Amino acid sequence: MLSCSHYHPTLHHHHHHYNHRKTHHSTATFLIFASTPSNDPIIRTHNSKTSAFLLHTLNQHKPQLQNEPHSPQKQEQKIQEAITQEEKVKLLELTLVTKKRIPQFPGSNFPQFPAQKVSPLDTLFDKDGYDDEEEMIVKAVEIRRKVTAEIFKQVMMKKGKFGITYSTNLADRLSDFIDFVMIKAAALKKLHEFEGLSFNARAKYVIEELDVVPLIRWLKHNGLSYPRIAKLIRAAGGDVESIRRLADWLKSIHVRGEFIGVVLTKAGDNILERGNKELVEIVECLESNGVRRDWMGYVMSRCPKLLSYSLEHVETRVKFYMDMGMNKTDFGTMVFDCPKALGHFTLEEMNQKVDYLKAFGLNNEDVGKLLAFKPELMCCSIEERWKPLVKYFYYLGISRDDMKRILTIKPIVFCVDLEQTILPKVRFFKDVGVREDAIGNMLAKFPTLLTYSLYKKIRPVVIFLMTKAGVSRRDIGKVIALGPQLLGCSITHKLDISVKYYLSLGINIRQLGEMIADFPMLLRYNIDLLRPKYRYLRRTMIRPLRDLIEFPRFFSYSLEGRIIPRHKVIVENGINFKLRYMLGTSDVEFQKMVEAAVERRRRFESGLINVTESNSHSQIVDSSCLELDTRFNPQVADDASGEGVDHFSDTEENVDHCSDTESSDHFLGT
């Protein structure tokens with residue numbers, strides 16, 4: 001940079017040099033706008049150093065400069081002509097947002113306009129540039145809207161300690177609220193106490209008076225994203241206080257803080273317009289029909305649409321369930337378990353689902369009990385969930401009566417996904433050897449099987465049976481088909497303990513596998529009930545272990561009710577039967593067998609029949625006993641003699657049931 005030609009290095013001339021620098025500065029400013037070779041003037045203010053260089057380069061134009069007009073009015077006019085209309089709008093927006101003057105520094109491109117007493121918007125448009133008055137008004141409103149948005153962001157950052165990104169994103173979604181603030185700020189100018197304030201001050205006053213920034217901070221603290229906050233503020237319009245009023249009321253009915261925002265945004269557009277009295281009437285209606293007061297917060301959090309209904313509509317929905325035979329206790333429990341069953345669906349959809357359930361042979365009261373027990377059924381789609389499932393059950397050979405049984409025993413089956421839950425299990429059963437025609441009977445017999453996790457429950461049990469219990473690959477399909485309940489047992493607390501007990505009796509693992517294939521329920525019995533039966537078999541009946549291996553169903557019969565009484569009859573009559581003939585018949589058939597055996601022994605001892613006839617008669621009796629055993633259903637006999645489930649201790653059964661429930665609930669995502 002060249003030095004100024006008037007610079008004097010001596011200290012004596014320092015003051016003189018300073019006056020020269022001021023002169024050169026003003027002269028250079030004039031020369032820039034008056035003497036540039038091009039038609040467009042350079043809008044730039046130079047300091048003393050740059051002006052010295054400029055004077056040196058423009059020295060040849062000095063004669064011409066002396067004749068040029070250099071009044072301040074001409075200079076300002078040329079500056080105005082050099083700025084386009086778009087630049088004017090941007091500069092005006094900047095000047096309206098901030099109260100401070102535009103920064104001026106060496107090299108600055110911003111011109112400084114003289115102070116004006118009129119509104120800056122009056123200087124934006126000229127008659128030649130805008131002939132349409134409506135277009136001028138629209139442009140002016142757009143500028144005011146942008147200015148109001150900037151003021152809102154400044155208040156957000158200053159008062160609410162929000163970041164620039166969050167403030168900008170929220171302001172971009174609050175166009176209606178920004179317009180409301182802009183209109184309110186413009187209207188304040190008519191009031192005497194605000195007529196002397198600028199638009200910026202009035203807009204800031206309106207924002208602070210609405211107290212919207214603390215509300216935004218509170219909503220953000222309770223987990224609401226800025227799109228939901230913007231939606232809520234837009235719904236409130238200018239009545240931001242209604243949000244705070246409704247939030248306080250939701251707290252009074254035990255809605256937790258993290259769910260208040262969810263209820264406010266999902267309850268409906270008219271929720272902010274409703275008074276507390278209307279909302280209290282809805283709560284009192286539910287409370288009078290069995291929904292406890294301390295449940296209300298949970299119910300409204302899961303189904304906010306209930307607050308948007310009128311009292312008459314809520315009463316109609318309550319009556320819909322009460323007409324199906326529900327009492328208040330069942331209704332209150334149902335609403336707590338599944339609030340959407342009451343308020344999420346239309347009455348037409350609810351009637352369609354009830355009619356579809358009745359098509360399985362259920363009456364109105366049965367459907368009411370079913371929905372009270374499993375209200376999640378009301379949340380399932382007929383077209384997307386129930387019809388494909390019913391069609392697949394028909395394909396597996398499950399009749400309508402069996403479907404009714406599945407629906408009443410395990411209704412959650414009609415809530416699971418067919419593609420992701422049921423089909424993989426059916427394919428797995430086919431892969432392990434269960435016949436296709438037996439799968440339907442197995443599912444109808446034990447529908448709970450469809451709720452177990454394939455990878456956490458079913459497969460581990462199958463692997464355990466094949467590796468630890470001795471079940472062969474050939475028999476595993478038979479075991480699952482005959483005893484699907486085994487797949488619901490806990491490996492640690494039930495199956496492993498049972499296997500170790502049988503092995504401790506001297507039964508090898510191959511024999512145990514054959515016993516399980518013959519009678520899969522063997523592993524489900526409580527060991528504490530098995531020990532006295534085994535002790536009686538070995539010590540009192542003096543039977544070999546081979547008899548138990550041949551007839552593992554021995555453990556399924558009651559010791560006091562069947563084993564001891566029939567053993568006494570055999571001892572008293574001096575006869576003997578195999579265990580399957582001794583225990584596997586009804587009381588009438590057993591008595592006939594005993595009488596026939598006694599008569600045969602009497603005739604043999606009296607010499608009325610020879611050995612050949614005795615052997616022939618023995619074969620006939622044995623064949624008849626075998627026929628009885630083949631026709632005999634041990635489960636039916638157990639039920640007739642009071643046996644069956646009493647072989648299980650309540651403690652063990654409950655442990656298995658709880659573990660199964662947890663597994664199925666985890667698998668179903670409930």
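Mentor: A residue counts as buried under 20% relative accessible area, as exposed over 50%, and as partly exposed in between. The model above is predicted.

Trainee: Is Lys430 buried, exposed or partly exposed?

Mentor: Lys430 sits in helix α23. Its relative accessible area is 33%. Since buried ends at 20% and exposed begins over 50%, the class of Lys430 is partly exposed.

Trainee: Which residues is Lys430 in contact with, leaving aside its neighbours within four places in sequence?

Mentor: One distance along the way is that to Gly477, which is 47 residues from Lys430 along the chain, with 8.2 Å between the two C-alpha atoms. The contacts of Lys430 beyond four places in sequence are Tyr395, Glu436 and Ile439.

Trainee: How many helices does the chain have?

Mentor: The chain runs to 670 residues, and 44% of them count as buried. Strands number zero, and the count of helices is 36.

Trainee: What share of the contacts with a separation of 6 or more comes from residues 24 or more positions apart?

Mentor: The share is taken over contacts in the chain with a separation of 6 or more. Among these, pairs 24 or more positions apart account for 71%.

Trainee: Over which residues, starting from 1, is the pLDDT below 50?

Mentor: The chain averages a pLDDT of 76, and 71% of the residues score at least 70. One stretch that falls below 50 still has 51 contacts in the model beyond near neighbours in sequence. Where pLDDT is low, the predicted coordinates should not be read in detail. That stretch is residues 1–38.

Trainee: How many contacts beyond four places in sequence does the model have for residues 113–118?

Mentor: The pLDDT of residues 113–118 stays under 50. For this stretch, the number of contacts beyond four places in sequence is five.

Trainee: How far apart are the end C-alpha atoms of helix α21?

Mentor: Helix α21 covers residues 382–395, which is 14 residues. At 1.5 Å a residue, the helix should span 20 Å. The model agrees with this, because the end C-alpha atoms are separated by 18 Å.

Trainee: Which helices do the buried residues of α21 pack against?

Mentor: The buried residues of α21 are Ile382, Trp386, Leu389, Val390, Tyr392 and Phe393. An α-helix has 3.6 residues a turn, so residues three or four places apart point the same way. The packing partners of these buried residues are α19, α22 and α23.

Trainee: Which residue caps the N-terminal end of α21?

Mentor: At the other side, α21 is followed by Gly397, with a positive phi near 90 degrees. At the N-terminal end, a side-chain oxygen lies 3.3 Å from the backbone nitrogen of Glu384. That oxygen belongs to Ser381.

Trainee: Is the pair of Phe320 and Tyr321 stacked, tilted or edge-to-face?

Mentor: The whole structure has 21 aromatic pairs. In this one, the ring centres of Phe320 and Tyr321 are 5.1 Å apart and the planes stand at 90 degrees. Planes over 60 degrees apart count as edge-to-face, so the pair is edge-to-face.

Trainee: Which residues do ring pairs link with Tyr356 into a cluster?

Mentor: Tyr356 is buried at 18% relative accessible area, and Phe360 is buried at 5%. Their rings form an edge-to-face pair, 5.9 Å centre to centre with 75 degrees between the planes. Ring pairs link Tyr356 into a cluster with Phe360, Trp386, Phe393 and Phe414.

Trainee: Which backbone oxygen does the side chain of Arg202 reach at 2.6 Å?

Mentor: Arg202 lies in helix α9 and counts as buried at 5% relative accessibility. A polar atom of its side chain lies 3.4 Å from the backbone oxygen of Leu197. The oxygen at 2.6 Å is that of Ala185.

Trainee: What is the relative accessible area of Leu487?

Mentor: Leu487 is in the loop between α26 and α27. Its contacts beyond four places in sequence include Phe429, Leu449, Tyr452 and Ile480. Leu487 is buried, with a relative accessible area of 1%.

Trainee: Which residues does Ser242 touch, not counting those up to four places away in sequence?

Mentor: Ser242 is part of helix α12. At 3% relative accessibility, Ser242 counts as buried. The residues touched by Ser242 beyond four places in sequence are Ala236 and Leu272.

Key:
Residues are numbered from 1 along each chain as its sequence is written. This is a predicted model: local features need pLDDT of at least 70, side-chain atom pairs count only at pLDDT 80 or more; totals for chains, interfaces and linings use all residues. Side-chain values use heavy atoms; hydrogens and water are left out. Helices (H or I, at least four residues) and strands (E, at least two) are DSSP runs, numbered from the N terminus. Buried means under 20% relative accessible area, exposed over 50%, partly exposed in between (1.4 Å probe, protein chains only). Contact means heavy atoms within 4.5 Å. pLDDT is the predictor's confidence in each residue, from 0 to 100. The expected span of a helix is 1.5 Å times one less than its number of residues. A polar contact is a pair of N or O atoms within 3.5 Å; within protein, one must be able to donate a hydrogen and the other to accept it, and residues adjacent in sequence count only if both atoms are side-chain atoms. Rings of Phe, Tyr and Trp (its six-membered ring) pair if their centres lie within 6.5 Å; planes under 30 degrees apart count as stacked, over 60 as edge-to-face and the rest as tilted.
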